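Let's take a walk through this model, from its surface to its inside. Here are the sequence and the structure to keep open as you read.

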Amino acid sequence: FAACILLLFYINFATEGNWFLTFALPVAGAIMIITCATLTLLYYIKRGKLFILGGMFIAIGCFILFVEYLLSVAFSINFIAWSMYPLIVFALLGGLLIYLAINPSAREVIERKLFF
């Protein structure tokens, strides 16, 4: 992630742009936080994988909405609200995974199919 952020900074510097602090750094930082948090939780917490994955899906949906907001701030693009569709889908999938984690009989079936 550090190498990716440095590459984005170099591209911004080489093209004499002004989008690094307002767009690239927050997007790369948010991706880093979501990825590192998910992987760390999956590694250290053996039970509750469906809760973690459900939360990750909801976080990705919110991240897509955040990217559209940053596009409107950094590049003066009108907020069209296209990101509401992926947000709804990811929130429903995350909610479904969390529901499956709460329901014991459904959890056993899904964990057998997904996590061997």
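## A greasy spot on the surface

First, a bit of vocabulary: a patch is built from residues with over 30% relative accessible area and no salt bridge, and nonpolar side chains are joined into one when they lie within 5 Å. Keep in mind, too, that this is a predicted model.

With that in hand, look at Phe1, Ile31, Met32 and Ile33: together they make a nonpolar surface patch of about 350 Å². Phe1 sits in the segment before helix 1, which runs 2–14. Its relative accessibility is 43%, so Phe1 counts as partly exposed, since that class covers the range between under 20% (buried) and over 50% (exposed).

## The main core

Now for the inside. In soluble globular proteins, nonpolar side chains tend to be buried together. Here, the largest nonpolar core has 15 residues, and Phe23, Val27, Leu50, Phe63 and Val67 are the ones with the most contacts inside it. At least two residues of this core come from each of helix 2 (20–44), helix 3 (49–75) and helix 4 (84–102). Which helix gives the most to this core? That's helix 3, with seven residues.

Zoom in on Phe23 and you'll find it touching Val67, Leu70, Leu71, Ala74 and Phe75, if you skip residues up to four places away in sequence.

## A second core, and Ile5

Apart from the main core lies another one, of five residues, including Ile5, Trp19, Phe20 and Ala28. Ile5 is found in helix 1. Is Ile5 buried or exposed? Its relative accessible area is 17%, so Ile5 is buried.

What does Ile5 contact, leaving aside its neighbours within four places in sequence? Phe20, Leu25 and Ala28. You can also check the spacing from Ile5 to Pro26: the two are 21 residues apart in sequence, with their C-alpha atoms 9.9 Å apart in space.

## Asn12, a buried polar residue

Helix 1 also holds Asn12. At 9% relative accessibility, Asn12 counts as buried because the cut-off is under 20%.

What does Asn12 touch, not counting residues up to four places away in sequence? The list is Gly17, Asn18, Trp19 and Phe20. For Asn18 there is a distance to look at as well: a polar atom of the Asn12 side chain lies 3.4 Å from the backbone nitrogen of Asn18. Two of the residues that Asn12 touches, Trp19 and Phe20, are also among the members of the five-residue core.

How values were computed: Residues numbered from 1 in each chain as written. Predicted model: local features only at pLDDT ≥ 70, side-chain atom pairs only at ≥ 80, totals over all residues. Heavy atoms only, no water. Patch = residues over 30% accessible without salt bridge, like charges linked within 9 Å, V, L, I, M, F, W, Y side chains within 5 Å. Areas by Shrake-Rupley, 256 points an atom, 1.4 Å probe, with all protein chains shown as cover. Salt bridge = Lys/Arg side-chain N within 4 Å of Asp/Glu carboxyl O. Helix = DSSP H or I, 4+ residues; strand = E, 2+ residues; numbered from the N terminus. Buried < 20%, exposed > 50% of the residue type's maximum accessible area, 1.4 Å probe, protein only. Polar contact = N/O pair within 3.5 Å; in protein donor to acceptor, adjacent residues only side chain to side chain. Contact = heavy atoms within 4.5 Å. Core = buried A, V, L, I, M, F, W, Y, C linked by side-chain atoms within 4.5 Å.
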